[in-house]
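Visitor: I am new to this structure, and I would like a close look at a single part of it. Please choose one place to begin, and then show me, step by step, what lies around it.

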Amino acid sequence: MTRKYIDCREYKSDANCSVAIAADNDDELLAAAVQHAVSVHGHADTPELHTQLKQLFKEGTPPLEI
């Protein structure tokens, strides 16, 4: 099984966020990413947000530096 991650450092935002989230499965990663996007970045929890976040998942683990 390959870990997957999403890394806010790769995307410009007003928050200048440096959070990276990794998990062993898509469902767990999506749940954490949605919670972060809603609570920190102010996004609405919609099906569209879920779809957008899934498209940003990468295999492996986040690099130490971007």
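**From Pro47 to the largest pocket**

Guide: Pro47 is exposed, because its relative accessible area of 60% lies over the 50% that marks an exposed residue. Before going further, please keep in mind that this is a predicted model. Pro47 is found in helix 2, which covers residues 47-55 and is one of the elements that supply at least two residues to the lining of the largest pocket. Strand 1, residues 4-7, and helix 1, residues 26-39, also supply at least two residues each. Although Lys4 belongs to strand 1, its C-alpha atom is separated from that of Pro47 by 20 Å, and the two residues are 43 apart along the chain.

The pocket itself holds about 330 Å³ of space. Its lining is made up of 17 residues, and those closest to the centre are Cys8, Tyr11, His41, His43 and Leu53. Divided by kind, the lining has 10 nonpolar residues, five polar ones and two charged ones.

One of those central residues, His41, deserves a slower look. His41 sits in the loop between helix 1 and helix 2, and it counts as partly exposed because its relative accessible area, 25%, falls between the limits of 20% for buried and 50% for exposed. When residues up to four places away in sequence are set aside, His41 touches Cys8, Ser13, Ala15, Cys17 and His36. Of these, Cys8 is also listed among the residues closest to the centre of the pocket. Cys17 lies 24 residues from His41 along the chain, and their C-alpha atoms are separated by 8.9 Å.

The loop that holds His41 is also the place of Ala44. With residues up to four places away in sequence left out, Ala44 touches Val38 and Leu49, and these belong to helix 1 and helix 2 respectively. Ala44 and Lys58, by contrast, are 23 Å apart from C-alpha to C-alpha, with their positions 14 residues apart in sequence.

Past the end of helix 2, Phe57 is found in the loop that leads to strand 3, residues 58-59. What is its state, buried or exposed? Phe57 counts as buried, because its relative accessibility of 14% is under the 20% limit. Leaving aside neighbours within four places in sequence, Phe57 is in contact with Tyr5, Ile6, Asp26, Leu29 and Leu30. Tyr5 and Ile6 are part of strand 1, while Asp26, Leu29 and Leu30 are part of helix 1. Thr46 is 11 residues away from Phe57 in sequence, and the C-alpha atoms of this pair are 17 Å apart.

It may help to place these details in the whole chain. The protein chain has two helices and three strands, and from the N terminus its elements run β-β-α-α-β. Its C-alpha atoms fill a box of roughly 30 × 25 × 15 Å along the principal axes. The radius of gyration is 11 Å, which agrees with the value near 11 Å that a compact globule of 66 residues would have. Of those 66 residues, 24% count as buried, and Phe57 is one of the buried ones. The chain exposes about 4,700 Å², with carbon and sulfur atoms supplying 49% of that area. Finally, among contacts between residues at least 6 apart in sequence, 51% join residues that are at least 24 apart.

Conventions
Residues are numbered from 1 along each chain as its sequence is written. This is a predicted model: local features need pLDDT of at least 70, side-chain atom pairs count only at pLDDT 80 or more; totals for chains, interfaces and linings use all residues. Side-chain values use heavy atoms; hydrogens and water are left out. On a 1 Å grid over the protein atoms alone, a cavity is a set of points where a 1.4 Å probe fits but cannot get out, and a pocket is an open set with protein on both sides within 12 Å along at least five of seven lines; lining residues have an atom within 4 Å of a point. Grid points are joined across faces, edges and corners, and a volume is the space filled by probe spheres set on the points. Helices (H or I, at least four residues) and strands (E, at least two) are DSSP runs, numbered from the N terminus. Ala, Val, Leu, Ile, Met, Phe, Trp, Tyr, Cys and Pro count as nonpolar, Asp, Glu, Lys and Arg as charged, and the others, Gly among them, as polar. The radius of gyration is taken over C-alpha atoms; the globule rule is 2.2 Å times the number of residues to the power 0.38. Buried means under 20% relative accessible area, exposed over 50%, partly exposed in between (1.4 Å probe, protein chains only). Contact means heavy atoms within 4.5 Å. Accessible areas come from the Shrake-Rupley method with a 1.4 Å probe; for residues, only the protein chains shown count as cover.
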